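Here is a short set of exercises to work through with the model open beside you. Try each task before reading its solution.

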Amino acid sequence: MKIVSISAAMVILVSSVVANDVKVPEKNERQPEQTTIDGYNSTPLQPAPDDKWHIHDPERTQPPVAEPKYDGNVVPAPEGAILVFDGKSLDKVSNKKWPLIDGVMVAGKHGAQKSMQSFGDMHLHLEWFVPVGLKGWGQKQGNSGVFLMGKYEVQVLNCWANRTYPDGMTGALYGQTPPLVNACKKPGEWQSYDIHFTAPVFDKDRKMAKPAVVTVYLNNVLVQEEQAYLGASTWKKAPKYVYHPGKQPFSLQSHGNPVQYRNIWVLEK
Ligand code: MG
């Protein structure tokens with residue numbers, strides 16, 4: 001499938017946040033122009049063994065860079081997969097305000113996008129794209145995210161030649177666990193997530209008995225391995241579990257950035 005060209009409508013959509021004449025750096029490294037890394041050090045400490053770091057700590061160790069292994073092509077849904085977004089319609093997602101342009105849906109300022117269907121344990125595949133030239137550093141580089149069960153986020157962001165607090169970078173369990181490596185592709189290129197999710201279990205008193213656990217591949221590179229969530233994703237606060245049913249829709253975050261999505265499918269487990 002071709003790399004989707006930005007149509008006239010998209011140009012209007014992104015013109016307020018995209019700088020002109022931006023060259024994408026050849027290497028995935030911090031740029032001299034990025035003089036500070038965004039984040040917080042007045043937030044609560046992470047739980048042990050990471051308790052020398054605050055939540056969203058800009059000083060937390062940056063994961064090493066790794067070579068992405070995704071060629072940018074559409075990954076066909078395997079037999080038995082449930083297509084949630086195939087580029088033809090928004091029938092299987094809740095928010096019809098998201099622009100559907102050239103087979104791609106675009107996050108913006110229209111609120112979260114939810115799957116119509118609820119899921120528990122699953123393999124979720126999706127492809128995403130951050131346009132070149134977004135203004136600003138850190139979290140301003142295309143913040144979106146995949147919220148498993150609408151609650152447990154795997155962050156979406158451009159982290160090629162852009163650094164941010166490690167628990168908020170691409171492949172992070174947002175506010176909790178940085179990815180093992182930074183396997184980002186360049187902005188302006190399609191990237192893939194394969195997320196293998198096990199839903200949390202709650203006991204008869206509605207207390208968490210088993211946490212949500214996730215293994216994540218970013219661009220076919222392992223970035224989270226059987227990692228437990230500490231609770232529902234949140235901002236600047238310690239996460240906690242709150243009871244919910246065993247199947248929930250997943251959602252895509254609307255954070256005001258023109259992040260594109262395509263080819264979203266689920267294999268239930
Ligand atoms: Mg996010």
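**Exercise 1. A leucine in a loop**

In which loop is the place of Leu230? Decide also whether Leu230 is buried or exposed, and list its contacts beyond the sequence neighbourhood.

*Solution.* Keep in mind that this is a predicted model.

Step 1: Leu230 sits in the loop between β12 and β13.

Step 2: count the C-beta atoms around Leu230. There are 20 others within 10 Å, and a residue is buried if 20 or more lie in that range, so Leu230 is buried.

Step 3: set aside residues up to four places away in sequence, and Leu230 touches Pro47, Gln176 and Pro239.

Step 4: for a distance check, take Leu230 and Gly138, which are 92 residues apart in sequence; their C-alpha atoms are 24 Å apart in space.

**Exercise 2. A threonine in that loop**

Now turn to Thr234, placed in the loop between β12 and β13. Find how many other C-beta atoms lie within 10 Å of Thr234, and which residues it is in contact with.

*Solution.* Step 1: the count for Thr234 is 16 other C-beta atoms within 10 Å, which means it is partly exposed.

Step 2: leaving out neighbours within four places in sequence, the contacts of Thr234 are Gly175 and Pro239. Pro239 also appears in the contact list of Leu230.

Step 3: measure from Thr234 to Asp51 in your viewer. They are 183 residues apart in sequence, and 18 Å separates their C-alpha atoms.

**Exercise 3. The whole chain**

Describe the chain through its secondary structure, its dimensions and its burial.

*Solution.* Step 1: the chain holds 1 helix and 14 strands.

Step 2: the C-alpha trace spans about 55 × 45 × 30 Å along its principal axes.

Step 3: compare the radius of gyration with expectation. A compact globule of 269 residues would have a value near 18 Å, and the chain, at 18 Å, agrees with that.

Step 4: turn to burial and contacts. Of the 269 residues, 42% count as buried. Among contacts between residues at least 6 apart in sequence, 67% join residues at least 24 apart.

**Exercise 4. Strand β6 and its sheet**

Work out which strands pair with β6 and in what order the strands of the open sheet follow one another.

*Solution.* Step 1: look at one side of β6 (residues 144–148). Strand β7 (residues 152–156) is joined to β6 by 5 bridges and runs antiparallel to it. Val146 has Val154 as its bridge partner in β7.

Step 2: take the pairing with β13 (residues 251–252), which is antiparallel over 2 bridges. In β13, Val146 is partnered with Leu252.

Step 3: assemble the sheet. Its 4 strands are in the order β4-β13-β6-β7, with antiparallel pairing. β4 (113–114) and β7 are at the edges with a single partner strand each, so one side of each has no neighbour in the sheet.

Step 4: check the burial of β6. 5 of its 5 residues are buried; Ser144, Val146 and Leu148 point one way, while Gly145 and Phe147 point the other way.

**Exercise 5. From β6 to the core**

Which residues touch the most other members of the largest nonpolar core?

*Solution.* Step 1: this core has 54 residues, and those touching the most other members are Val146, Leu148, Ile195, Phe197, Val214, Val216 and Tyr261. Strand β5 (residues 122–129) gives the most to the core, with 5 residues.

Step 2: follow one of these residues. Beyond four places in sequence, Leu148 is in contact with Ile195, Phe197, Ala212, Val214 and Phe250.

**Exercise 6. Backbone features in loops**

Find the loops that hold Met149, Asn219 and Pro49, then examine the backbone there.

*Solution.* Step 1: Met149 lies between β6 and β7, which form a hairpin with 3 residues between them. Its phi is near 55°, a positive value in a residue other than glycine. Met149 counts as buried because it has 23 C-beta neighbours inside 10 Å.

Step 2: Asn219 is in the loop between β11 (213–218) and β12 (221–228). Phi of Asn219 is positive too, near 50°, and Asn219 is buried, with 23 other C-beta atoms within 10 Å.

Step 3: Pro49 lies in the loop between α1 (8–14) and β1 (82–85). The peptide bond from Ala48 to Pro49 is cis, with omega near 10°.

Note on methods:
Residues are numbered from 1 along each chain as its sequence is written. This is a predicted model: local features need pLDDT of at least 70, side-chain atom pairs count only at pLDDT 80 or more; totals for chains, interfaces and linings use all residues. The radius of gyration is taken over C-alpha atoms; the globule rule is 2.2 Å times the number of residues to the power 0.38. A residue is buried if 20 or more other C-beta atoms lie within 10 Å of its own, exposed if 12 or fewer, and partly exposed in between; C-beta atoms are placed from the backbone. Two residues are in contact if their C-beta atoms, placed from the backbone, lie within 7 Å. A nonpolar core is a set of buried Ala, Val, Leu, Ile, Met, Phe, Trp, Tyr and Cys residues joined through C-beta atoms within 7 Å. Two strands pair if DSSP finds at least two bridges between them.
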